[in-house]
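Visitor: I am new to this structure and should like to understand the terms used for it. May I put some questions to you?
Guide: Certainly; let us look at it together.

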Amino acid sequence: MVGNDVFLFITAVCFLFNFSIIVNANSNAYQQVQSRTWNQAISMAKSFVAQLTLEEKCNMTSGVKGSCAGNVLSVPRLNFTGLCFQDAPSGVGDGVQRSTAFPPGVQIAATWDRDLFFKRAVAIGEEFRGKGVHFALGPMMNIDRNARHGRNWEGFGADPYLSGENAFYYVQGLQDQGVVATAKHYICNEQETHRSAVASRNQFRPDMINYVAYSANLDDK
C-alpha cells in the first residue's frame, strides 16, 4: 500500500508540469509551461496509474539506459512520452553540449543575495526545460563540513541558514519553469575518502570480492 502511494506521489509530481521530452542539446525554444493544481495532478496520476500493467509499472520505476543520466520509459498507448533526469551542479550536466556553466552554488551563496539566488535558478530552469529535461538532480544542499570534500563547490557552504535559503530559491526558481527539482545529499555526503565502494579480492577467500566504503552512522539528533 505504501509503495503504491509513493508511486502515485511521484507520478503526480510529473503531471504538475506538462511538456514533451526533447533531448535536444541545441534547443533554445522555451515553451510556455502548462501548470496544474496539486489536486488536478493527483487526479491525473490516479487515472494514469490505474491503466498501467504490472510490467509497465516495473519498467517505469526501475529506469533504463538512454540519452539522459536517468530515463523512464515512455508508454505510447497512454500518450506518455517518458521522463528525462539530468544532473544539475551549476546548469545542465552529464555532458549535454552547448549548456551554460552557471556560477557554482558556493559562489552564489557568497553573495547573500536572495534575488540573485532566485534569478540564477530561473535561468538554470529555463535551460533545463529548453534541453527537454524533466527532472533536475539538484540542488545539492549538504552542508560543508569537510574542506577537502570534492563537491563543496556544488553546495551552498557551511552555514545552515544560508544553505536553506539557497535551496529554497533554487527549488522555487526551477519549478516555476516547469522543471522538477530534486533536493539531494541532505546529510553525510561530505568526504571523498572511500566515498565510492572499491572492489578488492579477499586474501583468505580468493572467490570473494570485498567492497570498501565508509559508513556514516548517525543517531536521531
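Visitor: What makes Tyr186, Ile187 and Leu218 a nonpolar patch on the surface?
Guide: In this predicted model, nonpolar side chains, a class that includes Tyr, Ile and Leu, are joined into a patch within 5 Å, provided that each residue has over 30% relative accessible area and no salt bridge. Tyr186, Ile187 and Leu218 form such a patch, and together they have about 380 Å² of accessible area. Ile187 is placed in the loop between strand S6 (180–181) and strand S7 (198–201).

Visitor: Why are helices H5 and H6 called oblique to each other?
Guide: The axes of H5 (residues 114–130) and H6 (residues 160–175) cross at roughly 40°. Angles under 35 degrees count as roughly parallel, and 65 to 115 as roughly perpendicular. The crossing of H5 and H6 belongs to neither class, and the two helices are therefore oblique. Their crossing is right-handed.

Visitor: How do you know that H5 and H6 meet?
Guide: Contact means heavy atoms within 4.5 Å. Residues of H5, among them Phe117, Phe118 and Val122, meet residues of H6, including Leu162, Tyr169 and Leu174. The helix axes come within 7 Å.

Visitor: What makes the pair Glu56 and Arg77 a salt bridge?
Guide: The term requires a side-chain nitrogen of Lys or Arg within 4 Å of a carboxyl oxygen of Asp or Glu. For Glu56 and Arg77 the N to O distance is 2.8 Å, so the pair satisfies the cut-off. The bridge links distant parts of the chain, 21 residues apart: Glu56 is in helix H3 (residues 54–62), whereas Arg77 is in the loop between strand S3 (70–72) and strand S4 (83–87). The whole structure holds 5 salt bridges.

Visitor: Which peptide bond is cis, and what is its omega?
Guide: The bond joining Gly138 and Pro139 is cis, with omega about 15°. Pro139 is found in the loop between strand S5 (135–137) and H6.

Visitor: What is notable about the phi of Asp94?
Guide: Most residues other than glycine have a negative phi. Asp94 is not a glycine, yet its phi is positive, about 65°. Asp94 lies in the loop between S4 and helix H4 (105–109).

How values were computed. Residues numbered from 1 in each chain as written. Predicted model: local features only at pLDDT ≥ 70, side-chain atom pairs only at ≥ 80, totals over all residues. Heavy atoms only, no water. Patch = residues over 30% accessible without salt bridge, like charges linked within 9 Å, V, L, I, M, F, W, Y side chains within 5 Å. Areas by Shrake-Rupley, 256 points an atom, 1.4 Å probe, with all protein chains shown as cover. Helix = DSSP H or I, 4+ residues; strand = E, 2+ residues; numbered from the N terminus. Axes fitted to C-alpha atoms, helices over the stretch in contact; angles between N-to-C directions. Parallel < 35°, antiparallel > 145°, perpendicular 65-115°, else oblique. Left-handed = near helix turned anticlockwise from the far one by under 90°.
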